[in-house]
Amino acid sequence: MTEGRTDLCNTIHITIQNIGTFSLQKGESVLSVLKEQKLLGFSHCGGKGTCGRCAVQFIKGAPLPMPADRRRFSPQQLREGWRLACLAKPVMDAEVVFQPPKEKITILTDDAFRSQAAKTASEACGDTLAVIDLGTTTIVMQLLEAGTGRVIDTCRMLNPQRQYGADVISRMEKALAGEGKALADCVSGLLEQGMEKWLAEGFRPKLAVLAGNTVMIHLLLGLDVSKLAKAPFEPVTTARQIWKISGITTVIMPGISAFVGGDIMAGILACQESMQREGIATALLVDLGTNGEMALMHRGEILCTATAAGPAFEGGVTTNVPGADLIHIASDLLHSGLIDETGLIQNEKMRDGIASRGVMIRQEDIRNLQMAKAAVLAGIRVLLQEMDLTPNALQRVYLAGGFGYYLDVDAACAIGVLPMMLHDHVKSVGNAALAGSALYAENLYAQGCDVLQPGQHEKECMDEQAERIRLHAKSINLAEMKAFHAYYVDAMYLQPYDC
Ligand code: FES
């Protein structure tokens, strides 16, 4: 191979330092080699040049920078050869250095599956139930002892659909481009793998309950997403579905709208049960991830919405710092005057990276956090306004997801993720989708698991309660709300919100 030559035929050679030299067709991106060599498992943006996970440094043969490269890298970095591999299409033989980004989620291998189960199989019991949280990023399967809800086994896996893009939009685009079956098969195959492991160990769940957002459920069931992918965002259905995983009857939790799926329905069921126990009339459920989903519950009425919070709460784009840590760091930086309330890093030289709590934070991370927290706070304000309530009316804020566990409420209120007056009302509830699915499964089990014969009970069962919520809960599209845009701009400042 002659270094730096323009190949007259269509093949180019690309060397990835410490890995090897590979062939690439002209017009193909460097990302295709990274994926082929399994150096990059997934990209947040599906190769659109927005997530930054595929950054490489060209030692030679760097193509001209694209606009997205100019947005992501400083002029100095561009001169040093930094490019986004998904957009880099070399025209001559090239050499790059690639440092795979750190994953923050542990993939449990089959062996991990086994070792977890081995610890619990000896505690074998009577009937069992299965609950599944089908998340965009992670899938969690849990085996429960029926009647007590005791957790026998938990399997946590990355959603294999991530190879088609990290967000639901990219995956719907792939489904519309003809890859719908592959998207469905990779998830159903993984669910079967988990279920079959339990079957092989002698557990045969009486019933499984699966909760996921509306897009995840459409992709799993192979439903048409063409109307879900664009305005006015219409799902084929949000109704409860009966499905089978390795022969086990599986109830797919009903959803509410295109933006508010069965995972939030499950969260609402769990919250309502807790509200009833505590005698609470008004509460807010907030589930923060790539999408910030919220449900305001007030005297039997439910108003929901979802807001595109972007990657900040899942781990900053450039840093992979978990969202809760980023909030803490932003609050520290604000407190020490290293950033101002507009989010600007005060020392110009530090904008490429400012060290705090052992990580480097870039100006871009602060900007992403501002957009995410503005979307959440503005969403909360719109929900309250639509129900004619003020934050003071909220007796409880249920924070769902791992995020809630690690969130420093002082920091979240100091930079205005949550209204200040809610400080003492925040309660972290963990995985609300799993908790609600477990309640639902237990309730159906107590009713004899007759999922095909709803409405045969004296007291409203959870199945009927969910159907009532599906039909009567209101869901609003924030993008269509004028007030949202005004609140959003207002909420971009890093300052307490104290209406
Ligand atoms: S894959 Fe997202 S920026 Fe390249």
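This is a short walk through one protein model, from the overall make-up down to single residues.

Hi everyone, and thanks for coming. Before anything else, please keep in mind that the model is predicted. The protein has 14 helices and 19 strands, and 48% of its 499 residues are buried. If you take the contacts between residues at least 6 apart in sequence, 69% of them join residues at least 24 apart.

Let me begin with the sheets. Strands of a sheet pair through backbone hydrogen bonds, and they do so either parallel or antiparallel. One open sheet here is built from 5 strands, in the order β2-β1-β5-β3-β4, with mixed pairing. Which strands stand at the edges? They are β2, residues 20-25, and β4, residues 82-84; each has a single partner strand, so one side of each is left without a neighbour in the sheet. On average, neighbouring strands in this sheet are turned by 40° against each other, ignoring direction. If you would like to look at one pairing, take β3, residues 55-60, which runs antiparallel to β4 and is joined to it by 3 bridges. There you will find alanine 55 opposite leucine 84 of β4.

Now to another open sheet, this one with 6 strands in the order β8-β7-β6-β9-β11-β10 and again with mixed pairing. Its edges are β8, residues 151-158, and β10, residues 241-245; each of these has just a single partner strand, so one side of each is without a neighbour in the sheet. Here the average turn between neighbouring strands is 20°, direction ignored. At the β8 end, β7, covering residues 138-145, runs antiparallel to β8, and 7 bridges join the two. Isoleucine 139 stands opposite methionine 157 of β8. Helix α6, residues 214-221, lies across β6, β9, β10 and β11, and runs at about 120° to β9.

Let's stay around β9 and zoom in on leucine 210, which is found in that strand. Is leucine 210 buried or exposed? A residue counts as buried once 20 or more other C-beta atoms lie within 10 Å of its own. Leucine 210 has 28 C-beta neighbours inside 10 Å, so it counts as buried. Leaving out residues up to four places away in sequence, leucine 210 touches Ile132, Leu134, Thr250, Ile252 and Met253. Isoleucine 252 is 42 residues away along the chain, yet its C-alpha atom is separated from that of leucine 210 by 4.9 Å.

Leucine 207 sits in the loop between α5 and β9. It is buried too, because it has 21 other C-beta atoms within 10 Å. The C-alpha atoms of leucine 207 and isoleucine 248 are 6.3 Å apart, although 41 residues separate the two along the chain.

Next, a strand with two partners to show you: β14, residues 301-308. Of its 8 residues, 6 are buried, so the strand is largely enclosed by the rest of the structure. With β13, residues 291-298, it pairs in the antiparallel sense over 8 bridges, and alanine 295 has cysteine 304 in β14 as its bridge partner. The two strands form a hairpin with 2 residues between them, and arginine 299 in the turn has a positive phi of about 45°. With β19, residues 474-476, β14 pairs in the parallel sense over 3 bridges. There, threonine 305 has isoleucine 476 in β19 as its bridge partner.

Finally, some helices. For α7, residues 262-278, we can do a quick check: at 1.5 Å a residue, its 17 residues should span 24 Å, and the end C-alpha atoms are 24 Å apart, which agrees. Buried residues in α7 include Ile264, Met265, Ile268 and Leu269. After α7 comes glycine 279, with a positive phi near 65°.

The last stop is a pair of helices. Packed helices are described by the angle and the distance between their axes. The axes of α8, residues 323-335, and α9, residues 363-386, come within 11 Å and cross at roughly 105°. Angles of 65 to 115 degrees count as roughly perpendicular, and α8 and α9 are therefore roughly perpendicular to each other. Where do they meet? Leu326, Ile327 and Ala330 on the α8 side meet Asp365, Ile366 and Leu369 on the α9 side. By class, that contact has 5 nonpolar, no polar and 1 charged residues.

That's it from me, and I'm happy to take questions!

Technical notes. Residues numbered from 1 in each chain as written. Predicted model: local features only at pLDDT ≥ 70, side-chain atom pairs only at ≥ 80, totals over all residues. Axes fitted to C-alpha atoms, helices over the stretch in contact; angles between N-to-C directions. Helix = DSSP H or I, 4+ residues; strand = E, 2+ residues; numbered from the N terminus. Parallel < 35°, antiparallel > 145°, perpendicular 65-115°, else oblique. Contact = placed C-beta atoms within 7 Å. Nonpolar A, V, L, I, M, F, W, Y, C, P; charged D, E, K, R; others polar. Buried ≥ 20, exposed ≤ 12 C-beta atoms within 10 Å, placed from the backbone. Pairing = 2+ DSSP bridges. Expected span 1.5 Å × (residues − 1).
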